[in-house]
Structures are given as C-alpha cells and as structure tokens.
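Trainee: I'm new to this one and would like to learn how to read it. Could you take me through it step by step?

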Amino acid sequence: MDALYTLATGPLLMFSFAVFALGAAARVALFVRLARRKDLPVLQGFQPHWAARSILHWLIPANVTAKASPFVTGFGFLFHISFLACAVFCQAHVVLIDAAWSLSWWTLPDQAADLLAQAFLAAAAFFAARRLLIPVVRTLTTPADWLVLAIAVAPMLTGLLAARQIGDYNLMITLHALAGNLLLLAIPFTKLSHMILFFVSRAVTGSDFGKRQVGAW
Amino acid sequence: MPVDVAAVKEVLAAKQGARLKMWLEICARCGLCAEGCHFYQSDPRPEYAPAYRLKPLMEVIRRGGEVDEELIKRLCEVDYGTCTMCQRCTMYCPYGIGVNVLVRAARSIAVAAGATPLGLARGQANFEESGNNLGMSGPDYLETVEWQLEELQAELPDAKAPMDAAGARTMVTFHPRDIKFYPQNLYSYLKIYNACGEDFTLTSEGWDSTNLGLFSGNDAIAAKMSGAVVAAAERLGVRRVLTAE
Ligand code: HEM
Ligand code: HEM
Ligand code: SF4
Ligand code: SF4
C-alpha cells in the first residue's frame with residue numbers, strides 16, 4: 001500500500017500531470033490544425049472581442065440559461081468552484097507541492113475545504129439525480145456520462161474520507177491519490193476536455209454571434 | 001434500396017471538421033438546450049431535446065460509416081423531422097454548441113445515402129430546371145411583379161419596381177412562395193422599399209434566395225443556389241443583397 005502511495009504521489013503523478021498539461025495544450029493545437037484543413041471559416045472568422053465577451057458571459061452567470069435553468073446553473077457553479085478550490089488550495093495539496101517543487105501559496109483552512117468538499121458532493125448528487133429523474137436528461141445520458149461523473153467525484157469523496165479519517169486511512173489516501181491521477185489522465189481524453197475546449201467552443205460561437213451582431217447571450 | 005456506403009464514408013470524412021469533432025466530444029448531455037428548442041417547448045418529449053439530434057450522427061461515426069437503411073431512416077426522422085436548424089438551442093447551451101451545424105452534417109450523410117426527403121428533393125429539382133424551388137417560369141415571375149406593381153401604383157402612384165437596374169444599392173430577392181402563392185406579400189415588400197426610398201432593384205435571374213441545398217445538407221446544390229444569387233448581384237454591381245425569410 002505504501003509503495004503504491006509513493007508511486008501515485010511520485011513518478012505516476014509526474015506522468016499524469018505531464019499528460020494533463022501537454023494533453024490540454026495539444027487539444028487546442030489539434031483543433032487549430034484540423035480547422036486549417038477542414039473548418040477554415042472558423043479561424044478566419046475569429047473575433048477576439050466577441051470571443052472574450054462570450055466566454056465572460058458564461059464564466060459568470062450572465063446568460064439566458066442562468067435565467068431559464070437557475071438550479072442547474074447554481075449547482076453547476078457550486079460543483080466547479082468547490083472542485084477547483086479544493087484541488088488548488090487544500091492544505092495537503094499545497095504541502096505536497098511545496099515538498100516536491102518548493103512552491104507554495106495561500107491555503108484553505110481545513111474546515112473550509114471540508115465544507116467545500118461536501119458542497120461538491122451535494123452538487124454531484126444533484127447532477128446524478130437529474131440524470132436519473134428528468135426524462136430529457138435520462139434519455140440523453142450514456143454510460144460514459146456516468147463514468148465521467150464518477151471520475152470527477154472519486155478524488156473528492158476519497159479526499160474527504162481520508163481527511164476525516166473515516167475508514168482505513170492508508171487505504172483511503174492511496175485510493176485518493178490514484179483517483180486524482182485518474183482524473184488528470186482522463187481530462188484530455190474524455191468530455192472532461194471541456195475544461196479547455198469550453199473556451200475554444202465559446203470563442204468559436206461568440207465570434208459567430210459577433211458576425212451577426214446578435215449579442216453574447 | 002441498398003445504401004451507398006462508400007459515398008457515406010466519403011461525406012463523413014469530409015464533414016468531420018474541427019467543430020464537429022469538438023462538439024460531439026464535449027456535449028455534456030445536460031439537456032439545457034431543450035429550454036431553447038421550439039419543438040421541445042411545444043411538446044416536451046425527451047426526443048425533442050436538441051442534443052438528441054446528435055445521437056444518429058454519433059452512431060454513424062461509431063460505425064465508421066458502415067450504415068444500413070434502418071440507421072439512415074432513424075437519422076432522417078430525427079435530423080430532418082424534428083429540427084428547423086434555427087439555432088435557438090445554441091444560445092442556451094453552456095458551451096455554445098452549434099447543433100444546427102451537426103444536424104446539417106447528419107443531413108449530408110442522408111443525402112450521400114440517397115435519402116433526401118421527397119419535398120426537398122422536388123424543390124431542388126425545380127431549382128435545377130427553373131432557377132427557383134417552386135419551378136415558376138421566368139414570364140410568370142415577371143408578370144406577377146408587373147401585376148403587383150400596378151396594384152401598388154393605385155395606392156402609391158410613383159411606386160417603382162426596377163428590374164435588373166445595374167448599379168442600384170440593394171438587390172432584393174424572394175422566397176418563391178411569396179411570388180407564387182402570396183403575391184400580396186410581394187405587394188407589401190414593394191410598398192415598404194418604395195416608402196423608405198431605398199435605391200433597390202429586382203433581378204430576373206437568381207431571385208430565389210431560399211437555399212434548400214443548405215437546408216437539405218446537399219453541398220453541391222447549396223453552392224449552386226447561393227452562386228446564382230451572387231452571380232446576379234455581381235452582374236448588377238449592387239452593394240448589398242436583401243435575402244428572403
Ligand atoms: C475551468 C474549466 C471548466 C469550465 C469552464 C467548465 C464548464 C462546464 C460547463 C459549462 C458545464 C456544463 C453545464 C453544467 O452542467 O454545469 C460543465 C459540466 C461538467 N463539468 Fe466542467 N468545467 C471546467 C472544469 C471541469 C473540471 C476540472 C471537471 C472535473 C471534475 C469538470 C467536470 C464536469 C462534469 C462532470 C460536468 C457534467 C455534469 C453533469 O453530469 O451534467 N469540469 N462544465
Ligand atoms: C492528483 C493527485 C492528488 C494527490 C496526490 C492528492 C493528495 C492528497 C492528500 C495527501 C490529502 C490529505 C489527506 C489528509 O488530510 O490526510 C488530500 C486531501 C484532499 N484532496 Fe487530494 N490529492 C490529489 C488530487 C485531488 C483532486 C483532483 C481533488 C479534487 C478536487 C482532491 C481533493 C481533496 C480533498 C477535498 C481533500 C481533503 C481536504 C480536507 O477536507 O481537508 N485531491 N489530497
Ligand atoms: S446544452 Fe449543450 S452541452 Fe448540454 S446537452 Fe445541449 S448541446 Fe449538449
Ligand atoms: S436548431 Fe433544431 S434543435 Fe436547435 S432549437 Fe432549432 S429546431 Fe431545436
């Protein structure tokens with residue numbers, strides 16, 4: 001178990017992080033490359049100002065869907081903000097990074113991280129419930145959507161259980177490190193690539209809205 | 001009728017551009033787009049959610065283009081039968097996914113498989129013959145314009161409907177339905193252009209700007225159809241073209 005943990009927080013983590021960072025950059029590069037060959041108008045029509053407006057309108061809830069679907073929007077923001085806050089600012093993580101690269105920054109108090117992790121799990125439960133209960137979403141849902149949701153939930157759940165010392169700590173923290181690696185590895189290759197492609201897609205559509213002068217929505 | 005799999009594969013390869021690949025991958029299947037779709041809003045069936053239109057296309061891709069009649073039939077029902085390509089859903093999608101672009105790609109697959117819906121195929125054949133999708137003859141078109149202009153002149157004595165006036169600012173085009181079935185619409189258009197003093201011209205060629213090829217997923221005909229309007233505009237040297245609804 002200890003060996004596995006050492007691996008998952010050492011060489012494997014370096015590997016996963018590299019795949020995540022290079023994969024993320026590659027997704028953008030590949031989009032541009034393919035667009036050159038098969039979607040040239042997308043590049044020619046790019047309008048930075050409209051792209052930025054479109055991204056901004058959806059990074060803050062200043063859009064038509066925030067009004068049409070306030071609950072999904074609310075839980076969506078809770079889901080993403082709590083996730084990023086825990087991943088980047090929880091004390092344990094910053095300590096690990098400090099040990100590895102002598103880099104450190106502001107950290108969340110443990111109680112806050114705890115609370116955010118619970119908020120995340122609540123939001124994830126809301127998304128799971130939608131997939132089960134709302135007929136439209138149920139019809140659209142594929143097994144891959146459940147897999148991705150599980151991959152997103154696993155690090156949070158195991159992180160919280162480890163921090164709370166619920167269950168076997170060694171097992172939990174090892175599972176947690178493995179789950180974190182799995183998530184990093186999954187981002188470039190699944191719909192989680194939206195972490196990067198969200199910006200590309202909104203830039204494309206924002207530019208299109210700009211061409212028609214119809215607003216950022 | 002057996003499906004031409006080779007043709008489907010060729011179109012599939014051509015259509016798998018940067019946007020298509022990105023959008024099919026990142027769609028969260030969250031269903032938020034349903035709020036924007038008039039099909040879903042008027043009859044909230046799960047199959048009317050915009051993201052549902054992506055399913056047949058994803059299935060075609062999953063099979064690498066090896067489609068059968070059954071799949072093409074389902075694709076036609078979903079992608080022709082339940083979408084007007086209005087793009088309202090794009091405004092409600094958090095990623096701004098262009099469902100209309102994906103629906104059109106799906107329709108191109110149907111076209112390649114020889115499954116263009118009859119009504120659209122007929123309109124396209126009409127265009128090939130007469131230059132407009134309702135198959136109106138040139139003389140019929142010119143006569144209808146004359147007739148509506150005369151009616152209008154009873155109300156606005158100075159009203160004009162210049163035909164092929166080179167150098168005008170605006171070239172106006174029509175939906176042939178307005179000429180053939182609802183000439184009173186033509187009357188109203190002419191009234192508006194005259195009342196606002198626009199320097200406009202009608203055109204005897206390329207006056208139908210409804211692009212059925214764009215709608216049906218047939219690139220070759222879409223290019224011909226917009227090509228006809230562009231050629232007319234260039235011939236007359238106008239500054240802008242007013243397209244039909
Ligand atoms: C910072 C970049 C990110 C942006 C801008 C972003 C944006 C979005 C948007 C707009 C949606 C669709 C609407 C919604 O359901 O809220 C979404 C869904 C989702 N995101 Fe992200 N996201 C980002 C990063 C991440 C990360 C790092 C994860 C990994 C945990 C993630 C996991 C998810 C999941 C699982 C869904 C689907 C929820 C469902 O089941 O419906 N996102 N994201
Ligand atoms: C990539 C590899 C990762 C490693 C090696 C790692 C490592 C750790 C460690 C060592 C702890 C401390 C547990 C304790 O208190 O003893 C921890 C806690 C935690 N981690 Fe991670 N983690 C990783 C990824 C993630 C990700 C992606 C998330 C999701 C946001 C996450 C969320 C958390 C949470 C919520 C806690 C508990 C914080 C608290 O309540 O105090 N971790 N992690
Ligand atoms: S709103 Fe966008 S991401 Fe969500 S299901 Fe519809 S098309 Fe997919
Ligand atoms: S483009 Fe199609 S799916 Fe989208 S809102 Fe219009 S009709 Fe509905």
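Mentor: Here is a short chat about metal sites, a ligand shell and backbone angles. Keep in mind that this is a predicted model.

Trainee: Let's start with the metals. Which protein donors hold the iron atom of ligand 2?

Mentor: A:His93 and A:His176, each through NE2, lying 1.9 Å from the iron. A:His93 belongs to helix 7 (residues 91–101) of chain A and A:His176 to helix 11 (residues 169–186), so the pair links distant parts of the chain, 83 residues apart.

Trainee: And what makes the arrangement around that iron octahedral?

Mentor: In general, six octahedral donors have ideal angles of 90 or 180 degrees. Here the 6 donor atoms around the iron atom of ligand 2 subtend angles of 86 to 179°, which makes the arrangement octahedral.

Trainee: Are the two histidines buried or exposed?

Mentor: Buried means under 20% relative accessible area, exposed means over 50%, and partly exposed is in between. A:His176 has 16%, so it is buried. A:His93 has 24% relative accessibility, so it counts as partly exposed.

Trainee: Now ligand 1. Which residues coordinate its iron atom?

Mentor: A:His80 and A:His194 do, through NE2 at 1.9 Å. The pair ties together parts that are 114 residues apart in sequence, because A:His80 lies in helix 6 (residues 70–89) of chain A and A:His194 in helix 12 of chain A. The site is octahedral, with angles of 87 to 179° among its 6 donor atoms. With a relative accessible area of 17%, A:His194 is buried, while A:His80, at 41%, counts as partly exposed.

Trainee: What about ligand 3: where does it sit?

Mentor: Ligand 3 sits in the largest cavity. The residues surrounding it include B:Cys27, B:Cys30, B:Cys33 and B:Cys93, along with B:Arg29 and B:Tyr95. By type, the shell around ligand 3 divides into 10 nonpolar residues, 1 polar and 1 charged.

Trainee: One last thing, the backbone. Which residue in the loop between helix 10 and helix 11 of chain A has a positive phi?

Mentor: Most residues other than glycine have a negative phi. A:Gln165 is not a glycine, yet its phi is positive, about 55°. A:Gln165 sits in the loop between helix 10 (143–163) and helix 11 of chain A, and at 54% relative accessibility it counts as exposed.

Trainee: And what is the phi of A:Gln213?

Mentor: Near 60°, again a positive value in a residue other than glycine. A:Gln213 lies in the segment after helix 12 (194–212) of chain A and is exposed, with a relative accessible area of 58%.

Conventions
Residues numbered from 1 in each chain as written. Chains lettered and ligands numbered in written order. Predicted model: local features only at pLDDT ≥ 70, side-chain atom pairs only at ≥ 80, totals over all residues. Heavy atoms only, no water. Donors = N, O, S within 2.8 Å, 3.2 Å for Na, K, Ca; no water. Tetrahedral: all angles 85-135°; square planar, octahedral: opposite > 155°, others 65-115°. Helix = DSSP H or I, 4+ residues; strand = E, 2+ residues; numbered from the N terminus. Buried < 20%, exposed > 50% of the residue type's maximum accessible area, 1.4 Å probe, protein only. Near = heavy atom within 4 Å. 1 Å grid on protein atoms, 1.4 Å probe; cavity = no way out; pocket = protein on both sides within 12 Å on 5 of 7 lines; lining within 4 Å. Sits in = over half its atoms within 2 Å of the grid points. Nonpolar A, V, L, I, M, F, W, Y, C, P; charged D, E, K, R; others polar.
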